[in-house]
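Colleague: I have a model open and would like to understand it piece by piece. Could you walk me through it, and explain your terms as we go?

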Amino acid sequence: MVADKEKILKISGLSAAYEDANVINSVSLDVYKGEVLCIVGESGSGKSTLIKAICADNSVSVEEGSITYKDKVVTDLKAREVQKLLGCEIGLIQQNPWGAFNPIRRIDVQFKETFRSHGKFFHAERIKEIFEVLGLKDPDKILKMRPYELSGGMSQRIAIAAAFVLNPKLLLCDEITSALDVTIAMQVMQQLMELKKQQETTIIMVTHNLGLAKCIADRIAIMYEGKIVECAEASDILKDPQDEYTKRLISDVPRLRAI
Amino acid sequence: MDIILEGKKLNKSFKTGEKKTQVLCDVDFFLKEGEVLGIVGESGSGKSTLLRVASGLEKPDSGELLYKGRDYTGSSPRQTGEFLQILFQDAESSFDPRMTMERSIMEAGRGKKDKEELLKLVKMAGLDEELLKRKPGKLSGGQCQRMAIVRAFYSGAEILLCDEMTSALDVSTQAQVMQIMQRLKKEGKLSAVFVSHDIALVSEICDRIMVMKDGRCVEEGETPEVIGSPKDDHTKELIESARKQSIG
Amino acid sequence: MKKKIFTAVLTAILAVSTVGCTTSAPDQGTTAPETTQPAQAQTQPEDGGNADTSSAETVSSEPKILKAAASFAYGSIDVHKEYYGWYTSIYGVSEALFKMDENMSAAPCLAKDAVADGRVWTITLNDGGAFSNGTALTADMVVKNLDRAAQVNERFAYLADFDMTVIDEKTITIDTGDVYPTLKNDLASPELGMMDLEGTTDFDNAPVCTGPFVIKSFQPEGDVEVVKNENYWGGNVKLDGAIFYYMQEDDPKLLAMQSGEIDCYNSVTSAALAVYSQDPDQYRVVSIPGARLQFYFLNEKTLDDAVREAINLTVDKDAIAAYLSGTVSAAVGPFNPSAAYGKVTVPAVDTAKAKEVLEADGYTPGSDGFYEKNGKKLTISIKYYAARSLDILAILIQEQLKAVGIDSVLGVEEDPDSTYLANGDFDLGLYCMIADKAGDPFYFIESVFKDGSYYDCNGFDDAKCEELIGQLKNETDTAKIASLTNEIVQIAIDDNAYGFAGLFNKTTVLRAGVTGFAEDIPFDFYGIDAQTDIQ
Amino acid sequence: MKKKKLKAKIIILSVLALLLLLMTCFAGLVAKNDPNATSAAAIRTAPCADYPFGTDNLGRCVFSRVLYGGRTTITATFFLVAVSFAAGTLIGMICGYHGGIIDGILMRIADIMLAFPQMVVAIAVAGILGGGMKGAMIALGITMWVSFARLARSHTFSLKKEAFIKAALIAGKGDIYIIIVHILPNLLAPVLTNALTQIGTTMIGLSGLSFLGLGVVPPTAEWGSMISEGRAYIQIAPWAVLYPALATLITIIIFNCLGDAVMDYREA
Amino acid sequence: MIKKVLKRILTLVVILVILSFFVFALMYIAPGDPAEKRLTSQGVAVTKKVLDAERERLGLMKPFLVRYGEWLFSIIRGDFGISFKDDMPVAPKLLQGLGRTAVLALTSLAVSLITSFLFAVASVLKKDGIADRIIKVFSFVSNSLPNFLISVLLMYFLCIKLKLFPVIAKGDLKGLLLPVLSLSIPMIGRFIRQMRAEFLSEMSKDYVAGMRGRGVKTGYIMFNVIRNSLGHIFTIIALQTGTLMGGSVVIETIFRWPGIGKLVMDSITARDYPVIMGFVVIMGTIYLIINQIADVLSHRLDPRPES
């Protein structure tokens, strides 16, 4: 059932370094249109560097292999082309909720910048629709506020809105809930999934939290020391993990039980 | 087992610019010897502030703090350091970057220079002796936290206050650290207050659980009761989200 | 958003353009190559067509304006106050009754002559003397001027004790109480310049005087512009006007001379002299011994006679003058050797004799080659202040003493009068002052040699000297004054209480074709007059 | 790889700085002529065999004066920077650690010092202690310690919030112990980098004061006063001002680059 | 809000009084006095009698505290007194000097700010490129030469060799260029380094990566980075303006631009106490006011409470 799906992203034999340490060695991964792929790994496993490599961040130096998004080879694109690609084709949401916007300038002005950078005009309606889905009440008031005045949960929701507003085909999420409380994290996740359904976006979600991955992922890839040690359907991987590391990872997660 | 640490009607508020925010409102807590009390709550619930007030690092606006019945409300960290130690979320920054681990730990020993005991504790924490010579920058997060535990016990403190001590660690390292805590608990050497936002983790190690929300204690009781049949809505919500994410 | 970026870019372009347009502004002055032909003056259009000073021009249609640099500028030009009179005299605006000439004697100016009979001086005015507003200069106006000067200027308060009477339109008698031989020279002081006290409304900015020029524009402590005084009583004035730029620093003066923006200035430094001497046909340098004396006190309280004698035998004034390349001429006594009262003798430099004198006094050369006496090394404390090249003098004297085996330590003070001169904390104290104010030696002798005087700080006290000074005070006959002065100075020299190093030359640089900027008068308070001209 | 390159850069620059210091300290070996020996014959001679850098307007060998001068300038500069560093850091730490009134008062004093006209101080001190380096150094020192104090204060503020300070408090350590054992070592790196950049400003300050006649007492050689004396002869003896200016330039560049390299290394 | 402003004004006044006392004391200790400096300014010897008469007239005989008290009392009434050098009122002298210095200071500040701003942005955009390295070297070199040397070199090359400027400035725009250039060169060096450091630290913040991730154009990103670092930059500018308003004695003397710097330097040599004290009061006030403005501005720009 996976084979006939259209491939949106192809990572083949990628080796890359980040700040003098080669963090990814020969990773190959295919991502299919419309699916939610979770990459689970601990800190230092290279999962964040992989995300940076996909959106051609210049702090990552690719040594081997390539990343192709639809027909474009991302690793060879020039800065101008990368700028055009990011935002309307590939979206990015970061871990720090206040990492999406300049904290001291008004949110609507910064949305205008995003639109203007892609040759589009400020489309207030579009933003308000997305705010609605994300459960943000009173959008007009929010648009006039400055990010530093908002709580973590609200900031992250606006970051999600900013990613979705240009309706990207592929959305990269780098630990977007680890800075939030558990309850708020669950709400944000459901709202994100709602938007994904509406726009049929493909999502690559990087997290260290296996439990979270279980809730939303179609497929889960486990990363350890720069390699993908296992990649399979979410339900299969949890029921009978093949790789030793995955087994230990699953057993280490604290269970909610009464002593 | 009698009560060794107790807080009554604790209040605390912070003044940022003109507006005053009330962070603790009439909070009570107690800890019995050899027992681990878990405090769960979301960010901004006041759980860390409660810990800092209990440790003497911050003064409560009102309320009482007792150690084995003796009132130590206004006392300085120097005095509270006699009977308690605090473990921080960012373990690496709880050690001076310029000093080797050994010197930092010896510093907490209040003049005690007992290499044997130090080596015994290091072995107990499953760490290699070599690490004592290194500076915190060269150790991983997990190793630093375990060194912090060694320091706590080396200082002879009876009570451990753990402020989100494993939240910054990976799941596997967190598991290693919690194993040590479990072993200490079994050997009856550990009476601790364990603050965390992860209710699953708290349920694994703590005998009693206190749930906090917006500076108040909304629920308190033995772990099986609180987890099994939570009375407060917020506790229910916490347990529900945890259950959703549990691997089962 | 767009608007903000646009304004930022606009301001950047604006800033760059202002810098750009002025640098590439069409350069009015022709950038004629550095040929021998005098540098083309930098004619500024906005300056209202000033004179083209190239010498080729014979008949000049434009007005003849001389541009000079002045080292001082005061906040007011009230002739009687402070030293302002010096500058109104330099600007050619004010004139006194008499005028000092090249050989330091008071020549007639507004007054014909002054004759002393015992205590009473009779002064007769020149006929035709008149102010620039036409009113004639009367004897009564002269007395009023002298009274005002005595009132407003501390240094001329003594005039008030004289009793002055107006005999007629043109003659005045002044009874000086006891004999006052130097009155004629005093009346030549620029501070006693004549002003039309009735006709002048604003003394600080526009005094009405008798000089060949009148003030056109005066910026307090800034530049001054003067124009020809059409009805000057002394005849035709060659120049049409002059501008005096206030320039404190020496470098800009040199550069302004080279760029042609100024035509002359005095007190030229040795550095500038070296540059001008490379281009003799473009710049004419005139250097004559002036009245400003560089000398040092030798402290009789801390140095015994032998040491003082040895020092005076060692300090080589000619060598020092050589270093100062033309700005200083070696001095013998405090006064100009060409003056009658400047005839004194100083023992020639003789380092061998100096060593003998020291050894005779019990000094023996120590291990480090420096003399010492019963264990204590002879170290001279040389004190100076950083002005008038005294720092160079200090360095050179230290060198010369070292060669003979006398060790020394240099000490600089910011204000000599209130430090080493006041408390005597020196062995060799350098100082520089005007020794010959207006051709009369008594003023220097009275301030330095006389016991208890302001500069009596080195313990020099000689009975014979005091007695001679008493005689000199009342002596009117110039020949007698000269011999008395020489005798007094010789005593001081023989007593080795002083060392007269050099007389600052009055060095003036003039662009070729410019004459008459008081370059051969050894006083600092003269500048342009009716004869100054640019060919 | 970037860190290795930076480390190499720091080593090279420190070697250069050391070389500079040694050169000036052992000026005696390198310079043949006596720096203070004047010679009427050799006034303003162009650079030649026996005067590698030519002579100044008193016929003194510029080459030996640059070397001996280096010794005076560098020792004076280092001494001044060291004293300001010590005083500034101490005051900054106390202000940063205790805050409250002490911090208020000391910082207000710092404001006053900054608003103090340097010239007035230089003249008054020159008057009291007699002219020369002492007056100049006090005049410069008055404003220099403030930059160290401000830097130390801001770093102490951030350090104070660190967990290891709380751990030390719990371990029963007193304020003074914490300041000296914990805060000072972590403060040294950033403040030292600032010290390196201050070296340049001090040298320029010294030459500025020499220009106004308040610098070193002649005949001792000092780069600042050599530049100020030589500037009058720039047209006829340019070497008299060129070489001391070049020496100042090179020294300042070396120390500034060193400061930058250390800063980059610490951040990398 | 008013209470805060009042409190600041009070501290300002207290600081100024302390500052003026120190300066008065320093001047009292410094050897030499105005009477003696005034009478011997042309090197003519003077008698004790004349000197004492002048000292009496200037009131120098009164005890130190009385003189300070008199001065303080008159300054509070806004009367800056009469100059000891030429009996002219002090206030107009100082204000005129301040005006001229302000023209020079503000023009060179503007020129330096614009140039160093452009260079800093260029060097940050192409970090560690050739442009960056050249700009870095320039910022060192421009900061390592004393300004009197720079002025003489500029004057020599631009006025004599290239004949672009007159040596004697006429107070017009053309006359302003050379002094502004001499003042600006060292300042540009310092500003570039400070601005570059500020921009780099801002560039490393998370929101820049966030904006890049949304494909926001570099122009907008730079605008945000600059907008955020303006707060710190204002404090730097405030510090620099303070020193600039004190006038540069050297530049003002060499380029015949009679600002407050030269006026005060001459007054110090002439021990003209009223002018010096007036200068200290004016400069103290300007300096502290500029700092307050910088504080308010940087707070307005970055309203986040001190984290």
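Modeller: Happily! A polar contact is a pair of N or O atoms within 3.5 Å; within protein, one must be able to donate a hydrogen and the other to accept it, and residues adjacent in sequence count only if both atoms are side-chain atoms. This is a predicted model, where local features need pLDDT of at least 70 and side-chain atom pairs count only at pLDDT 80 or more, while totals for chains, interfaces and linings use all residues; side-chain values use heavy atoms, with hydrogens and water left out. Residues are numbered from 1 along each chain as its sequence is written, and chains are lettered from A and ligands numbered from 1 in the order in which they are written.

Colleague: Then how far does the backbone oxygen of Pro77(B) lie from a polar atom of the side chain of Thr80(B)?

Modeller: Thr80(B) sits in helix 2 (residues 77-80) of chain B; helices (H or I, at least four residues) and strands (E, at least two) are DSSP runs, numbered from the N terminus. The distance from the backbone oxygen of Pro77(B) to a polar atom in the Thr80(B) side chain is 3.0 Å.

Colleague: Why does Thr80(B) count as buried?

Modeller: Buried means under 20% relative accessible area, exposed over 50%, and partly exposed in between (1.4 Å probe, protein chains only). Leaving out residues up to four places away in sequence, Thr80(B) touches Ser55(B), Gly56(B), Tyr72(B), Ser75(B) and, from chain D, Ile170(D); contact here means heavy atoms within 4.5 Å. Thr80(B) counts as buried because its relative accessibility is 0%.

Colleague: Since chain D came up, how many helices does chain D have?

Modeller: Of the 268 residues in chain D, 58% count as buried, and its C-alpha trace spans about 75 × 50 × 25 Å along the principal axes. Among contacts in chain D with a separation of 6 or more, 72% involve residues 24 or more positions apart. Chain D has 0 strands, and its number of helices is 10.

Colleague: Which chains have the most contacts between them?

Modeller: Some pairs do not touch: no contact joins chain B and chain C, with their closest C-alpha atoms 32 Å apart. Nor does any contact join chain B and chain E, although their closest C-alpha atoms lie 8 Å apart. Among the 8 pairs of chains that touch, the most contacts are between chains C and E.

Colleague: What area is buried between chain E and chain C?

Modeller: In this interface, 49 residues of chain E are in contact with 57 residues of chain C. Gln42(E), Lys163(E) and Arg256(E) supply 15% of the area that chain E buries against chain C, more than any other three residues. Buried area is the accessible area (1.4 Å probe) that two parts lose on being put together, summed over both. Carbon and sulfur atoms give 60% of the total, which is about 4,800 Å².

Colleague: How many salt bridges are there between chain E and chain C?

Modeller: A salt bridge is a side-chain nitrogen of Lys or Arg within 4 Å of a carboxyl oxygen of Asp or Glu. One joins Asp223(C) to Arg256(E), at 2.9 Å from N to O. The interface also has 13 residue pairs in polar contact (both at pLDDT 80 or more). The number of salt bridges between these two chains is 4.

Colleague: Over all chains, what does the salt bridge count come to?

Modeller: One example is Asp140(C) with Lys144(C), at 2.5 Å; these residues are separated by about one helical turn because they are 4 residues apart in helix 3 (residues 139-152) of chain C. Another pairs Asp533(C) with Lys64(C), at 3.1 Å. Here Asp533(C) counts as buried at 9% relative accessibility, whereas Lys64(C) is partly exposed at 22%. The count over all chains is 72.

Colleague: Which residue forms a salt bridge with Lys353(C)?

Modeller: In helix 7 (residues 305-314) of chain C, 8 of its 10 residues are buried, including Arg308(C) and Ala310(C). Among the elements that cover those buried residues is helix 9 (351-360) of chain C. With the closest N and O atoms 3.4 Å apart, the salt bridge partner of Lys353(C) is Glu309(C).

Colleague: Which residue makes a polar contact of 2.4 Å with Asp186(C) through their side chains?

Modeller: Asp186(C) is in helix 4 (residues 183-186) of chain C and counts as buried at 5% relative accessibility. Beyond neighbours within four places in sequence, its contacts include Tyr158(C), Leu192(C) and Asp440(C). The side-chain partner at 2.4 Å is Tyr180(C).
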